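This report goes through one protein model, from its overall form to its surface, its core and its charged pairs. Please look at the sequence and the structure before reading on.

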Amino acid sequence: MPEQAKQQLNVRMAHDTLNKLDEIVEYYQANTKVGRVYKGDVLTDIIEKSYDVMNKQKLANRKFG
């Protein structure tokens with residue numbers, strides 16, 4: 001991921017959700033070879049992938065709707 005200006009994001013989330021995020025970070029850490037994995041990187045990856053899926057669904061809805 002290219003270095004870009006970053007924004008600080010301060011959020012509140014349920015303890016259970018935070019535990020899930022920690023588990024996802026551990027999974028990324030165990031299954032990637034990029035060194036240290038940070039929560040922000042994992043959240044960025046999840047958001048990027050979700051955004052791509054959303055755009056594909058929007059495109060499909062336009063074609064068939």
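A helix here is a DSSP run of type H or I with at least four residues, and helices are numbered from the N terminus. By this rule I24 belongs to helix α1, which covers residues 15–31. The model is a predicted one.

## Overall form

The protein has two helices and zero strands. Its C-alpha atoms fill a box of roughly 40 × 30 × 25 Å along the principal axes. The radius of gyration is 15 Å, while a compact globule of 65 residues would have a value near 11 Å. One pair of residues gives an idea of the distances involved: L21 and F64 are 43 residues apart along the chain, and their C-alpha atoms are separated by 35 Å.

How much of the protein is buried? Buried residues account for 8% of the 65 residues. The accessible surface comes to about 6,300 Å², and carbon and sulfur atoms hold 54% of it.

## The nonpolar core

Which residues make up the largest nonpolar core? This core has five residues in all: L21, V25, Y28, V37 and V42. Helix α1 gives the most to this core, with three residues.

L21 lies in helix α1. Is L21 buried or exposed? The cut-off for a buried residue is a relative accessible area under 20%. L21 has a relative accessible area of 8%, so it counts as buried. Apart from its neighbours within four places in sequence, L21 is in contact with K39, V42 and L43.

V37 is another member of the core. Leaving out residues up to four places away in sequence, V37 touches V25, Y28, Q29, T32 and V42. V42 therefore appears in the contacts of L21 and also in those of V37, where contact means heavy atoms within 4.5 Å.

## A nonpolar patch on the surface

Nonpolar residues are also found on the surface. I24, L43, I46 and I47 form a nonpolar patch there, with about 300 Å² of accessible area together. Helix α2, residues 39–64, gives the most to the patch, with three residues. I24, in contrast, is found in helix α1.

Why can I24 be part of a surface patch? Patches are made of residues with over 30% relative accessible area. I24 has a relative accessible area of 32% and is partly exposed, so it passes that cut-off. L43 takes part in the patch and is also a contact of L21.

## Salt bridges

Side chains of opposite charge can pair when their charged atoms come close. How many salt bridges does a search of the whole structure find? The search finds three, and the table gives the distance between the closest N and O atoms in each.

| Lysine | Aspartate | Closest N and O atoms |
|---|---|---|
| K20 | D16 | 3.4 Å |
| K39 | D22 | 2.9 Å |
| K49 | D45 | 3.0 Å |

D22 lies in helix α1 and K39 in helix α2, so this pair ties together parts that are 17 residues apart in sequence. D22 is partly exposed, with 25% relative accessibility. K39 is partly exposed as well, and its relative accessible area is 38%. K39 is also one of the contacts of L21.

The pair K20 and D16 sits within helix α1, where the two are four residues apart, about one turn of the helix. K20 has a relative accessible area of 48% and is partly exposed. D16 counts as partly exposed too, at 46%.

D45 and K49 are both in helix α2; they are separated by about one helical turn because they are four residues apart. The relative accessibility of D45 is 23%, which makes it partly exposed. For K49 the figure is 48%, again partly exposed.

Conventions:
Residues numbered from 1 in each chain as written. Predicted model: local features only at pLDDT ≥ 70, side-chain atom pairs only at ≥ 80, totals over all residues. Heavy atoms only, no water. Patch = residues over 30% accessible without salt bridge, like charges linked within 9 Å, V, L, I, M, F, W, Y side chains within 5 Å. Areas by Shrake-Rupley, 256 points an atom, 1.4 Å probe, with all protein chains shown as cover. Salt bridge = Lys/Arg side-chain N within 4 Å of Asp/Glu carboxyl O. Buried < 20%, exposed > 50% of the residue type's maximum accessible area, 1.4 Å probe, protein only. Core = buried A, V, L, I, M, F, W, Y, C linked by side-chain atoms within 4.5 Å. Rg over C-alpha atoms; globule rule 2.2 N^0.38 Å.
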